[in-house]
Amino acid sequence: MRWLKKLPGFFEIARNIVELTEGRTFVAHNARFDYSFIREEFKSLGFNYKRNIIDTVALSRKLIPGHKSYSLGNICRDLRISINGRHRASGDALATVKLFEILMKKDREINGNKALLMKNTKVSKLNPKLDINKVDRIPDVPGIYYFYNENGDLIYIGKSRNLQQRINTHLSNNTTNRSMEMRDQIADIDWEATGSELIALLKESSEIKLNKPVYNRLQRRSGFQWGIYSFPDENGYINFRYGQINNDDIPVSVFTSKEKTRSKLISLVEMYQLCQKLSGLYETDGACFHHQVGLCKGACCGKESAAEYNERALKAGEEFIFTTRNFFIIDKGRDDEERCAVKIVNGKYSGWGYFNINDMGFGLSAVHDCIKKSVDNRDIQVILKQYLRNNRVEKIIEF
């Protein structure tokens, strides 16, 4: 491995890469994968490296459909392109060149002067009124973005962990007629950095409901479509149920599948000696099965009082962070001295805001004061619970 030590560091060749690729297009098989690594290397040097890209995977699917696999090895084998040194830089690069030459020839045969490769350059396929210089200024940070048509109408609102990457994906999207139709209408773009992806999610949801942009009306539903619900019955016992998320009730926790939801509820029943019947796991007019075998204390048949039973049910409910609790979710802000806060009061979403960390010496007053009041709804609750389940925030502060 001694020869590795003789190779130059990226910082030593970075300038050459910039000069060699200036005004040129980055071509690769699964281009965004390779391009992202190069961009990250430049980012570590404090340089914002940007080039137009052409992905030979996407082009192959369009120009030579019907292959079982479009991996470089498989498509080259199908087209009888030899690869000398598979998975080595020079071998894969030369094979991609040969593939690209075949695609260019195929493109001209099929499309003539309207060749896809000409359309695939950034400028040629965008609305002529869109300011390309403005697009180049989009930061690669979390935030929310807005697309407008030539009349100034807001046609789409979106969010992303990386504004630059997501917006450029929209502007180069040829996957569906709807995507291309929207792309062609984008005459202006605006964006707002949020620091935290959670704030971007909350803003996106509320602003879509407020503005109802035409291309947001068929939004993809969240993958979290099952939930656990909690409510008191007519006798004062706290009940749990599981089911698909609807537009009326707000779940105390959300899950991706029926099996995971039911499994969580079963574990709570066993851990806190809850009643199967009152937890929606055993349908009967009488006592549940667990009572018959001595595992349930009889809330289902009046042998245990609501007060005694509810002590355990409330402890079970405490496993779901939103249940009747008051707390702040604290996460990243838009700069090093700022943090964002999401306020939860009695398990309900109250709003969000930004505060300076230097003001924390005065207690939580700065956090309370920064909150912009917002309306709670089912979608917001699902966003919050889904985010906390899948992401690590800086801290949770109860008050």
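Buried means under 20% relative accessible area, exposed means over 50%, and partly exposed lies in between (1.4 Å probe, protein chains only). This is a predicted model, where local features need pLDDT of at least 70, side-chain atom pairs count only at pLDDT 80 or more, and totals for chains, interfaces and linings use all residues. Residues are numbered from 1 along each chain as its sequence is written, and side-chain values use heavy atoms, with hydrogens and water left out.

**View 1. Arg51 and Glu22 form a salt bridge.** A salt bridge puts a side-chain nitrogen of Lys or Arg within 4 Å of a carboxyl oxygen of Asp or Glu. Here the N to O distance is 3.4 Å. The pair links distant parts of the chain, 29 residues apart. Arg51 sits in the loop between α2 (31–44) and β2 (52–55), Glu22 in the loop between α1 and β1 (25–28). Helices (H or I, at least four residues) and strands (E, at least two) are DSSP runs, numbered from the N terminus. Arg51 is buried at 14% relative accessibility. Glu22 is partly exposed at 49%.

**View 2. Glu197 pairs with Lys159.** Their salt bridge spans 2.7 Å, N to O. It joins helix α10 (residues 197–211), home of Glu197, to strand β4 (residues 154–160), home of Lys159. The two residues are 38 apart in the chain. Glu197 is buried at 11% relative accessibility. Lys159 is buried at 16%.

**View 3. Arg15 meets Glu19 within helix α1 (residues 10–21).** The salt bridge measures 3.1 Å, N to O. The partners are four residues apart, so about one helical turn separates them. Arg15 is exposed at 64% relative accessibility, while Glu19 is partly exposed at 44%.

**View 4. Arg39, Lys43 and Asp140 share a network of salt bridges.** The structure holds 15 salt bridges.
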